[in-house]
Structure formats: C-alpha cells, structure tokens
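Me: I'd like to learn how to read a structure like this one. Could you walk me through it?

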Amino acid sequence: MRRYVILFTLLVLFVGVTIWMTAIQQVGMFKMFPPGKVVRETIKHLQIVGAAEAIAIGIGVPVGFIATRRAMRFVSPVLVGIANVGQTVPTLAFIGIAGAVLGMGYRAAVVALFIYAMLPIIRNTYAGINSVDPAVKEAAQGMGMSRAQVTWRVELPLARPVIIAGIRTSTVVNVGTAAVAGMIGAGGLGELIVTGIAVRVTQLTVQGAAPTAALAIILDSLLGEVENVLTPRGLKVMKEKQWQQ
Amino acid sequence: MIRLENVYKTYPDGTEAVKDLNLEISKGEFCVFLGPSGCGKTTSMKMINRLISLTSGKIYVDDKDIMSFNPNELRRNIGYAIQNIGLFPHLTVWENIATVPMLKKWSKQKQLDRAEELLELVGMDPSVFMYRYPSELSGGQQQRVGVARSLGADPDILLMDEPFGAIDPITRSKLQDEFLKIQAKIKKTIAFVTHDIEEAIKMGDKIALMKAGRLVQYDDPATLLTYPKDEFVRNFVGADRVLKGLRLYKAKDVMKEPPVTVKIDEDPARVKKRMEESNTKWSMVTDEKDRFIGWIASDDIKGSKSIKEIYKPPTVTAGPDTPLNEALSMMINSTIGTLAILDEDGKMLGVLSFDIIRDMLGQEESEQQKETKASGEKS
Amino acid sequence: MWQEAWQYFLKNTDKILKWTVQHIYIIIVANVCAVIIGVTVGIFISGKGRERIAEMVIYFASIMMTIPSLALYGILMGILASLSLPSIGFLPVVIALTLYGLLPIIRNTYTAIREVDPDMIEAGRGMGMGETQILLKIKLPLAVPVIMAGMRQAIVMNIGIAAIGSYIGAGGLGQPIFRGIANYRTDLIAVGAVCVSLLAIIVDVVMGRLEWLTTPKGVRIRLRRKS
Ligand SMILES: Nc1ncnc2c1ncn2[C@@H]1O[C@H](COP(=O)(O)OP(=O)(O)O)[C@@H](O)[C@H]1O
Ligand SMILES: [Mg+2]
C-alpha cells in the first residue's frame, strides 16, 4: 500500500513537472517544446525500446536456454562470461561504437540497445533454467515426460520469474540507454534532454528528463506486476516461507 | 515381473558401475537392492526404466524387452520415486500426483478422483492437502506425496530409490510401516534401493546384496541373515545379525500359552498355592470378560488382601503382529521380563519371555548346524 | 577506425590519462559519499522495529535506480539551477553518482546485518557483549564482504554513468566519445569507448578480488565449500 503511495507521488510529480514545463512555453529567447512534440518523442522513445526489447527477447531467451543444454556445456561458460563482461561495458561505449560503425541514427540505436538488452536476458534465462532442482527434472523424466514436456511443463515455468526479472531489468536499462541514444540522433526523449543541455536551458532539459523518468518508473512497475502474475503460486509460497525463516 | 540378464553398465568415463547382473523379480514381489554407497544400486534400478542405458545385456518387463518400448511410454507405466522426492514446486499436490494420468491424457475428473484416492491411500486428508503446494508440506508429507505420485496411473511396477532416505528416523519408520500396509493391498512388483540393512530386512521379500557392481547374494531376508554367503555379506549384515533376524518373526509365531492365569475375583490363597505349584513368580490377571488387566507376584499375596488390591497394571503390552525385535526390547525395558500378547479387544493371546525367545533361537541354531553339517557331508 | 584510434591513443596519452584521472576522481568522491551515507542508513534501518521504514527506504532507493541517468542529470540540473548552485559540471554528476550508489550499498548493508545468524548474536550476548559491541564485533565484520559486493556493483555502474556525465561538463572518459559523436570522429569514439570499458572491467575484477580479501577467513572456507 505505502509502496503505491510512493510510486504514485513520484509519478504525479514527474508528469506534473512535464506539464508545467510545457506550459511555460517560453524561457527568454527559447521556446519550450510544444505538447505534440513531447508526446511524439515519448512514443518514439517507446518504439525504440520496444523494438530493441522484442528482438532481445526473441534471441536472448532461446540462446540462454540452449546454453543450458548438455551439448553446450563447453560453450556456455564462455557465453555467460561474455554476457557478464558485456554488462560491465558502459552504455555510452555501446552507443558510441554502434554510431561509429553503423552511422548515427535510429538503426544504430536499436542495434546497440538490442545487443545490450540481450545480455541480462541471456544471463537470467541461463541462471533460471540451471537453478531448477535436478531432482525435479529427474522425477519428470522418470515419470515419462518427453524432453519437450520437461522443458515446457517443468523447466520454463520454474525459470519464468527469473527470466521475466531479466526482461524487466533490461527494459528499464533500455529506457535510459535509449535516452543516451538521443545523442546519436535516434530521436526520442533523449533528444529533448540533449537539446536542453546543448543550449543551456535547464527548463528544456527537465521537459525531457521528467517524462523519461516517468516512463522508466511506469515500465518497471508494470513489468514488476507481470513478474508477479506469472510467478507460479507454489513458488511464491516457497519464497514467503524462506522469508519467514 | 522384471528380469535382468547379463546386464553391464560402463559409464563414458570408464566407471564399471554394474557387472554381469542377473536377477528376476517375480510379480508382486518386493525386491530390495542393498549395498554400500557406490555399489551400483541406483544404476541398476535406473536401467529398468531406461533413465540409464544398458551397455550390454537384456532387461525384460513382463517378458518384453524394454528396448522394444518407447522410453517415455515405458516410464509412464513404471512408478518412480526418489530420495530427493523432486515434487514439482509450481504444481499443487493433486497436480503432482496426477502427473502421469495427465501425461496419459485422462479426463480432468478422473485425474482429480485418482489424486484424491491416492492421498487417502497414503494417509493424507484430501480435503486438507489436495490444493496445497509442496512447500506447504512437512518432509514426511512430501515423501508421502512422492509415493502417491509414483502410483499415479496405477503402474504394475514401482521403482523406488531410497524413498525414505531423507527423513528423520521416527517418521521413516512410520512411513515404512504404512508403505508395507499399502503394499499388502496393492501388491506391486517393486524394486527398492537402500543402503540401510534394517530397512532392507523390514521391507523386502527378497534382498539383492551388491558389491562393486556385482550381485553377491540374492535371497529372502531370513536366508541372508542366517546363511551369509561370504565374509562380505557377513560383515555387511553385521555381528548382530541374530538380533536383526528377530525382526522377521512376529509375536504370534513364537508366543506360548501362559502357565497360570488368575481371575480378578479369585481367592488369593488358592492363587498363591497354584502359583507355587507351577513354580511361577508372576502370573497374568484377567477381568470378568477375560481381558488382561495386569500382573500379580506370588510374593505380594499376603494376608487377606484381594487380588484386586495387589495386582499391578502392565507397563507395556504387545500385539500378535509385533516383530520380535521390538517385543524383546519391550521386555528388556519392563520389570517383569515377560510380555503379554493381546488382541485388539485386550483379550489375552499368549506370553513371550526371554526363555521362549532363547529356545526359539536355539532351535534355529541347531537346524542351521544340522544343515551346514549335512551340506558339508555332501561335498 | 581502430587503427586511427590507436594512432590517436599514442599521440594523446597525456590527455587520455587526464580524462581517466578525472573519471576516477569523480567515482571516488561519489562512492565515498555513497558508502558513508549508505552504510549509516543501512545500519539504521536494520535496527529492531524499523522493518517498515526499511521497506520504504529500500523501495524508494530502488525507484531512484530506475530513473535513467540522463534524466536524473536533467532533473538535478533543474533543481540545482533553482537553488542558484552550479547546474553543470562536477556537482550534478557527483550528486547523481552518489544517489545511484546508495541503493546497492543500503540494500546489501541491510540484508547482511539482518541475515547474521541469530545464534551468533545470542552467543555474543551470552558472552556479555553490549549492542554496540555486537554491531562492531559480529555484525559488521560479517557484513563487510556483502557491503563490498554492493560497492562493486555501485562503482562499476557509476563508471558508465560518469561517462555520460561528461556531457554536462564534468570531464572524464566520456569526453572523447561525445567529441567524436559531435564531429564524426570515429577514432575518438573508439578510444573513449575502449578506455571506459577497460576501466569498468578492470575495476570490476579488482573489486571482486577485494571482496574476497575482506571476507573473514572462516567465512571464506564456508563459501568455498558451498561452491
Ligand atoms: N553419470 C555417471 N558417470 C560416471 N560414473 C557414475 C555416474 N553415475 C554413477 N557413477 C558411478 O557408478 C558407480 C555406481 O553408482 P550408483 O549406481 O549411483 O551407486 P549407488 O546407488 O549404489 O550408491 C559409482 O562408482 C558412481 O560413482
Ligand atoms: Mg544411489
């Protein structure tokens, strides 16, 4: 309950500030961004994040899953190592290199974002599936489940919360990285912030920053809810018990 | 029926886990694979449902080569329970139990009915437990659900790998007793793995004792205890094998008629006389309805005190099915050294004493000596 | 591009060194602040009867974490400007980095202290230790490696965020990247990206080692057995 109060207050604050800044209309010689532009860039921002995230999930989950198969046991430590090191690489470095290699713009942004977003998804999928109790898998196989059934009925449901947690992390990081991508001309809310900083008008910066923050917070809580809904009840009970101990 | 013929298993790393295993488990028989850790019990068992592939040899289930089945089909028709239970944490108790029925595409109602029936069979109240999750159960309850799950689609054959291994001794013993009762009803063909000799003796119709991948002795528990084939078996069953053997007998097999019984309203002086004549120190007292109510010592009968005033209520009593090892330890604990065996209504069936047990063991011993002599003469 | 970057690197080693030093300096200042504040808050909220406050603090900090760095910079600039403080350069970046560093440190301090085996605390009490002694002699030493893990997370993350901070004039290794983007100088972008990535990876490895070294010997053995 109190959580929702905090969440709601912050959202009202950020959205309110956005509206306020838009309402100023003019600071000195600078015009503020019109409401239409703010909305358009917000949608653009979501588009960039959505596209990158969709590709990242589409590739990251299968890759993370395949890495857990026995046949891959010599490859997967390397893969997981790369995913871990990759995550320590700063986002700006990713964006910069992508811009340098692919040319500045939307395409480079989506490529950089999708590669970066894929890392936590691969890692969490791998960790989630590997953390399934071997006894549970053995029992499933011993009772006559086929490989596909073990995967769909046992491994994936049990790993699902961890996989979704990875998707959540990567989405939230992505909102921020997409803002940075505004610097290489990808559009989105980053463009507003960057413009504000470039012309040294803090009001303009805030006009872009506030909705970006709101977007990140909203997506985070939404995906938190999804995680909650898609966590099998039996696992929740298990967690609660562990907490109590 | 399960038959293993010249079965070998060599793991890819070169470990020879099972060597030339030949063994037949008849229909309805409870066969225990026994042996020290690493001797190949689990490997032998898992080859039966093809969780582990054979290196060479044949295994037949109901006279059909297991290799002629689809492995998943084979496993759905063989119950499987393991030490770590492996209940599915994301499914409810009933969904866990109905796993194989679900795989066999039974109707939902049939699955529910079956889960309910099996929960009752393992002594858990369906109205309480059907919709719980495994993490909401105690260790013993999880183990019961594991057993119920292995019975899901009513398979003829059960494979159980140390199914009671991970629980405390008291619960384990209780679960063993209950499972024996269940087995008496359902009469499955069972391959049961344990490293615990006590458990093997208690549960098994037959014991397959293994050592380093080889079958050393395959006999019923009494034979294994009385005629250990070699030094390894002798050591494995332990120096107390005579005591362990007591488990195989029940009180009703060896109890005797009590020499003197006393009615509660009898005249004390006459009782004393009778006891002195038959030279008994303690005799049993029964009430008007012939129910056992306690003991009386001849030394206590003095003056005019009635039997009612001086008899002592029993500290322990046993039933006809109490195993002798338990009966013996009850006797050691009681002051009297004699144990009354009663039926469910408290009526007296007989008595057990140290002398009776010693006599019985003496007979066994001499029979054994006779036989070894006989076989010695033959060879 | 890589060849030119290497040329640039050789010619401008002194500049790159300066940016690296600036970068590290910002990180150190921000993380010292974050540790001081974070550990204090962590200890405070782990006290008895403060579970509610703890949940609030940690939840609030975790929301802060979700705010993108560029957005936080923008918001801080707005706040600082309205307070007539310098709204670009060192100050907003250090404040932002401190805020981002707080969550991992608060959370790890809190959970580490909460998870100390109650038997150990009871044993301490039984031997006549006061609450302060229990905190200093039992809880904190056991919590140090966990707090170190939080710091590691915070610092590695902050290296990346500080790079973005170059854009609002705080210097550091983000500088060549932004210049490169602005002037289509891919060599500059490559130099900056590689240097800042190396810095993050090296610091991650070093901090990992440090985490191990600060683990009390007895606990180390236990961890080894576990893995
Ligand atoms: N997957 C495996 N690969 C290699 N060796 C194995 C494997 N599984 C078991 N073993 C070895 O085979 C032998 C028998 O193992 P197992 O059947 O599990 O013994 P038990 O169940 O009697 O304890 C042991 O020496 C064990 O180390
Ligand atoms: Mg075993």
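Reply: Let's start with a term: two residues are in contact when heavy atoms of theirs lie within 4.5 Å. Keep in mind that this is a predicted model. In chain A, take the contacts between residues at least 6 apart in sequence: 78% of them join residues at least 24 apart.

Me: What share do residues 24 or more positions apart have in chain B, and what share in chain C?

Reply: With a separation of 6 or more, such residues account for 60% of the contacts in chain B. For chain C the figure is 72%.

Me: Which chains share the most contacts?

Reply: Two pairs of chains are in contact, and chains A and C share the most contacts. Chain B and chain C do not touch, and 19 Å separates their nearest C-alpha atoms.

Me: How many helices and strands does each chain have?

Reply: Chain A has 10 helices and two strands. Reading along its sequence, you meet one helix, then both strands, then the other helices: α-β-β-α-α-α-α-α-α-α-α-α. Chain B has 17 helices and 15 strands. Chain C has 10 helices and zero strands.

Me: How do I look at a single helix, and where does α1 of chain A lie?

Reply: Here's the general idea: an α-helix has 3.6 residues a turn, so residues three or four places apart point the same way. Now the case here. Helix α1 of chain A covers residues 2-24, and its 23 residues reach 33 Å from the first C-alpha to the last, close to the 33 Å expected at 1.5 Å a residue. Just after α1(A) comes Q25(A), with a positive phi near 70°.

Me: Which residues of α1(A) are buried, and what do they pack against?

Reply: Among the buried ones are I6(A), L7(A), L10(A), L11(A), F14(A) and V17(A). The buried residues of α1(A) pack against α2 (35-67) and α9 (202-230) of chain A. They also pack against α3 (51-66) and α4 (69-82) of chain C.

Me: How much of each chain is buried?

Reply: A residue counts as buried when its relative accessible area is under 20%. In chain A, 55% of the 245 residues are buried. Chain B has 379 residues, of which 50% are buried. For chain C it is 51% of 227 residues.

Me: And what supplies the exposed area?

Reply: Chain A exposes about 11,100 Å², with carbon and sulfur atoms supplying 67% of it. In chain B, about 18,200 Å² is exposed, and carbon and sulfur atoms supply 48%. Chain C exposes about 11,100 Å², with 65% from carbon and sulfur atoms.

Me: How are the charges placed?

Reply: Compare the centre of the positive set with that of the negative set. Chain A has 21 positive and 10 negative side chains, and the two centres lie 3 Å apart. In chain B, the mean positions of 54 positive and 58 negative charges are 2 Å apart. Chain C has 21 positive and 12 negative side chains, with centres 4 Å apart.

Me: Last one: how many disulfides are there?

Reply: A disulfide is a covalent bond between the sulfur atoms of two cysteines. Over all chains, the structure holds zero disulfides. C31(B), for instance, is in none, as the nearest cysteine sulfur, that of C39(B), is 12 Å away. C31(B) is buried, with a relative accessible area of 0%.

Key:
Residues are numbered from 1 along each chain as its sequence is written. Chains are lettered from A and ligands numbered from 1 in the order in which they are written. This is a predicted model: local features need pLDDT of at least 70, side-chain atom pairs count only at pLDDT 80 or more; totals for chains, interfaces and linings use all residues. Side-chain values use heavy atoms; hydrogens and water are left out. A disulfide is a pair of cysteine sulfur atoms within 2.5 Å. Buried means under 20% relative accessible area, exposed over 50%, partly exposed in between (1.4 Å probe, protein chains only). Helices (H or I, at least four residues) and strands (E, at least two) are DSSP runs, numbered from the N terminus. Accessible areas come from the Shrake-Rupley method with a 1.4 Å probe; for residues, only the protein chains shown count as cover. Lys and Arg count as positive and Asp and Glu as negative; His and the chain ends are not counted. The place of a charge is taken as NZ of Lys, CZ of Arg, CG of Asp or CD of Glu. The expected span of a helix is 1.5 Å times one less than its number of residues.
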